[in-house]
Each structure stands twice: as C-alpha cells, then as structure tokens.
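Please look through the model shown here and explain, label by label, how each description follows from its definition.

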Amino acid sequence: MASQLVAISSTLLYAAFILYLVAMLPLATSIKSRSDKPAKIAISMVVVGFILQLSYFILRWIAQGHAPVSNMYEFITMFAIMIIAGYLITYFYFKTKLFGLFALPISMLLMAYGSMFSREVAPLIPALQSNWLAIHVITVTLAYGILSMSAVAGLIYLLKAVPADEKSWRARFLEAVMAGIVTVLVFIVTTILMQNVIGYQDDFLYQDKQGQNQIAEYHLPSLINFEGAVPVEHAGDNNYEEADHFHSGVNLPPIIDSQKLNTVLWSFLLGLMVYGIIRLILRKRIIAVLKPWSSKADLGLMDEIGYRSVIIGFPIFALGGIFFASIWAQVAWSRFWGWDPKETWAFITFMFYTVFLHLRLNRGYEGEKSAWLAIIGFLLILFNLIAINLLVAGLHSYA
C-alpha cells in the first residue's frame with residue numbers, strides 16, 4: 001500500500017510539472033493580449049498544479065509516516081511547492097501576470113533538479129526523528145518561497161530599468177545572472193542525461209572523514225576525486241573489484257564531497273560553453289532578448305512587491321531557520337548552535353536580510369538598489385541549497 005501511494009504521489013508531481021510547462025504558453029500570451037482569458041486559463045492550470053503538488057506531499061507523508069522533508073529530493077520539491085505558493089499569493093494580491101513567466105520556470109527547474117536525487121522511502125535517522133524536523137523545514141521553505149518573489153520582482157525591475165546595450169557594471173552583472181541561470185540549466189540537463197539517459201557510471205572506493213569505506217558513483221568523468229580513492233567496479237552483491245576508470249589525479253580531503261563537486265565543475269565548464277554559443281547565435285546579450293517581456297512592468301509595483309516579500313519572508317525565515325532550527329538542534333545534538341556549515345550559512349542569510357531591511361528603511365535603498373539586494377539574497381539561498389548541502393560535509397549532509 002505504501003509503495004502504491006509513493007508511486008501515485010510521484011505521478012501527481014510529474015503531472016504538476018507538465019501542467020506548469022503547458023501553462024507557460026497562455027501565460028506568455030496574456031502579457032501581450034488585451035483579453036483576460038489567457039491569464040485565467042494559465043492561473044487555473046497553475047492552481048490545479050499546486051493542488052497536485054500538495055496531494056503529492058500528503059500522500060507521501062501518509063506512505064512513509066513522517067513529513068516528506070527529510071532528504072534532498074523532498075526538501076527541493078518542498079521548495080518548489082512553496083515558490084508556487086508565493087507566486088499565487090503574489091498574483092491574487094497584485095494581479096501580476098508577468099511574475100509567472102519567471103516564477104514557474106524556477107519551480108520547474110527545482111522539481112527537475114530534485115528528481116536527480118534518490119526518491120526511495122527510507123527510515124529516518126535518529127537525528128531526524130522529531131516533529132521539529134517538519135516544523136523547521138516547512139517554515140524555512142515557506143520563507144524561501146516568499147523571499148524568492150522578491151528576487152523575481154527585482155529581476156523584472158532590472159530587466160526594464162537597465163539598458164541592455166549599456167557598458168556598465170550593472171548591465172554586465174545582470175548578464176552574469178543570466179549566465180548563471182544558463183549554467184544551472186546545463187547542470188540539471190547534463191546530470192539527467194548522463195545519469196538517466198546515457199547511464200554513465202564510474203565507481204570509486206574511498207574512506208570518508210569517519211574512516212568508513214564508501215563507494216562514490218561518478219556519472220561524469222572524474223576531474224576531482226576523494227583523497228586515496230581507488231577505481232572499482234561492481235562485482236555482485238556488495239562486492240567490488242579494482243577497475244580502470246578515467247581520473248585526472250586531482251584529489252581532495254573527504255570534508256569536501258568530491259563526487260558532487262565534480263558534477264558542479266563539469267556543469268560550470270559546460271554552462272560557460274553553452275552560454276558562449278548562445279551569445280554567438282543571438283549576437284547580443286540575453287537580457288536584450290528578455291527585455292521586451294518586461295516592457296509593461298510597473299517599476300513602482302515591482303519595487304513594492306520586492307519589499308513586501310522581504311518584510312513577510314524574513315521573519316518567517318528567522319523563525320524557521322534560526323529559532324525552530326535551534327530548538328531542533330538541541331533535541332537532536334544537545335546544543336542550540338554549533339556553527340555547522342549549514343547553520344553558519346543560515347546565519348549569514350539572516351544577517352543579509354537584516355542589512356537589507358536596514359538599508360531599505362534607514363538609508364533609502366529603494367528601486368534599483370533594492371532590486372539588486374533581492375537578487376543577491378536569492379543567490380545566497382541557492383548557494384545554501386546547492387553548495388553547502390552538496391559539497392561541504394557536516395551534520396546536515398543527509399539533507
């Protein structure tokens with residue numbers, strides 16, 4: 001019964017992804033159309049997709065007996081759900097059709113990214129066996145979803161306000177953000193192709209920082225590996241024998257997850273290559289291609305949405321990411337704070353948005369300055385999600 005519920009929940013999530021993808025067409029049409037019909041169709045599809053995502057969450061919770069927020073697949077999927085929640089709240093309050101063209105792709109990218117991780121239902125490790133797990137993660141992802149809307153508003157603001165052909169730091173930095181988006185896309189597509197389509201896999205035997213033997217599965221050629229890693233191949237059951245796999249010879253200590261860093265490095269290199277090809281084909285900056293979609297944006301409204309998103313999202317993050325997290329840390333590890341990499345980055349994110357609000361309220365950082373800060377804040381969230389979660393070994397490595 002549990003396996004059937006898990007299968008159904010996965011199907012519902014896939015159906016939501018397809019709905020969002022199809023909804024992009026009427027949503028894009030609504031930007032140029034004088035009729036409200038395309039927008040209504042698109043929003044109806046998004047609402048149905050959101051209900052499907054919530055159904056996935058409920059069914060998976062029933063199937064495994066605890067909130068589905070205990071691993072990378074579940075956490076990233078929850079983040080994607082909360083971005084849609086943030087978008088729907090923004091839409092129904094401000095009637096911002098343009099937001100969907102940016103919010104939906106972010107959510108779909110996260111759903112695709114999350115699908116690369118294991119979706120198996122497994123018992124919770126002792127540190128996760130607490131109701132504070134669900135409270136902490138759900139609150140944090142809700143905050144992320146709302147804060148993401150400030151970044152969307154900031155991006156739309158800058159696409160309209162910054163001339164695409166301007167030779168300035170702001171135009172170059174905005175284009176660098178576009179290059180980063182291309183790199184993330186390449187990261188997701190490359191991993192899915194190599195792992196699920198081509199089926200490339202090289203196994204390496206290494207010792208983790210606790211001195212335990214582990215097997216690292218490489219789905220891209222090894223440019224970076226664990227210190228002392230030995231190439232092996234599966235010989236049945238839990239047995240492995242030495243093999244001959246490609247390895248550049250660059251080794252790192254086990255505190256760094258070299259296997260995942262290898263994927264990020266490949267994606268970065270391929271992302272820059274793809275970005276260069278896109279620029280050669282377009283013969284202009286990507287922001288110049290996207291700029292027409294922001295032509296009808298109300299800069300004052302975008303600034304207001306960006307500010308209000310932070311006003312709402314920041315205290316929720318403080319509650320879930322600092323206060324609830326500290327309580328859970330006391331329950332799990334008998335200390336409220338330990339400067340684990342994830343805890344440290346949560347504190348950095350908290351301080352950034354504290355400074356954001358200070359500059360906004362006391363230094364007059366409105367409009368373009370506020371938009372830049374909103375985008376930087378979202379980059380901090382993504383760095384926490386990808387780099388800290390994947391590359392740095394710590395107490396949160398299971399997540």
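The turns below take up helices, burial, strand pairing and a cavity.

Q: What should be known about the model and its numbering before any label is read?
A: This is a predicted model, in which local features need pLDDT of at least 70 and side-chain atom pairs count only at pLDDT 80 or more, while totals for chains, interfaces and linings use all residues. Residues are numbered from 1 along each chain as its sequence is written, and side-chain values use heavy atoms, with hydrogens and water left out.

Q: How do you know that the span of helix α7 agrees with its number of residues?
A: Helices are DSSP runs of H or I with at least four residues, strands are runs of E with at least two, and both are numbered from the N terminus. The expected span of a helix is 1.5 Å times one less than its number of residues. For the 25 residues of α7 (residues 258-282) this gives 36 Å, and because the end C-alpha atoms are 35 Å apart, the two values agree. Arginine 283, with a positive phi near 60°, follows α7.

Q: How do you know that the span of helix α6 agrees with its number of residues?
A: The 29 residues of α6 (residues 169-197) should span 42 Å, and the end C-alpha atoms are 40 Å apart, so the model agrees with the expectation. Just after α6, glycine 199 has a positive phi of about 75°.

Q: Why is threonine 77 called buried?
A: Buried means under 20% relative accessible area, exposed means over 50%, and partly exposed lies in between (1.4 Å probe, protein chains only). Threonine 77 has a relative accessibility of 1%, and therefore counts as buried. Threonine 77 is found in helix α3 (residues 72-94), and, leaving aside neighbours within four places in sequence, it is in contact (heavy atoms within 4.5 Å) with Leu13 and Tyr56.

Q: Why is serine 130 also given the label buried?
A: The relative accessible area of serine 130 is 18%, so the residue is buried. Serine 130 has its place in the loop between α4 (100-114) and α5, and it touches Trp328 and Val331 when residues up to four places away in sequence are not counted. The C-alpha atoms of serine 130 and histidine 66 are separated by 9.4 Å, although these residues are 64 residues apart along the chain.

Q: What makes β1 and β2 a pair of strands?
A: Two strands pair if DSSP finds at least two bridges between them. Strand β1 (residues 202-207) and strand β2 (residues 213-218) run antiparallel and are joined by 6 bridges, one of which has tyrosine 218 in β2 as the partner of aspartate 202. The two strands form a hairpin with 5 residues between them, and glycine 211 in the turn has a positive phi of about 85°.

Q: What makes β3 and β6 a pair, and in which sense do they run?
A: β3 and strand β6 (residues 247-252) pair in the parallel sense over 4 bridges, with histidine 247 in β6 as the bridge partner of serine 222. Strand β3 (residues 222-226) is mostly covered, with 5 of its 5 residues buried.

Q: What makes a space a cavity, and how many of 30 Å³ or more are there?
A: On a 1 Å grid over the protein atoms alone, a cavity is a set of points where a 1.4 Å probe fits but cannot get out, and lining residues have an atom within 4 Å of a point. By this rule there are 3 cavities of 30 Å³ or more. The second largest cavity holds about 50 Å³ of space, and its lining includes Ser150, Met302 and Asp303.

How values were computed
On a 1 Å grid over the protein atoms alone, a cavity is a set of points where a 1.4 Å probe fits but cannot get out, and a pocket is an open set with protein on both sides within 12 Å along at least five of seven lines; lining residues have an atom within 4 Å of a point. Grid points are joined across faces, edges and corners, and a volume is the space filled by probe spheres set on the points.
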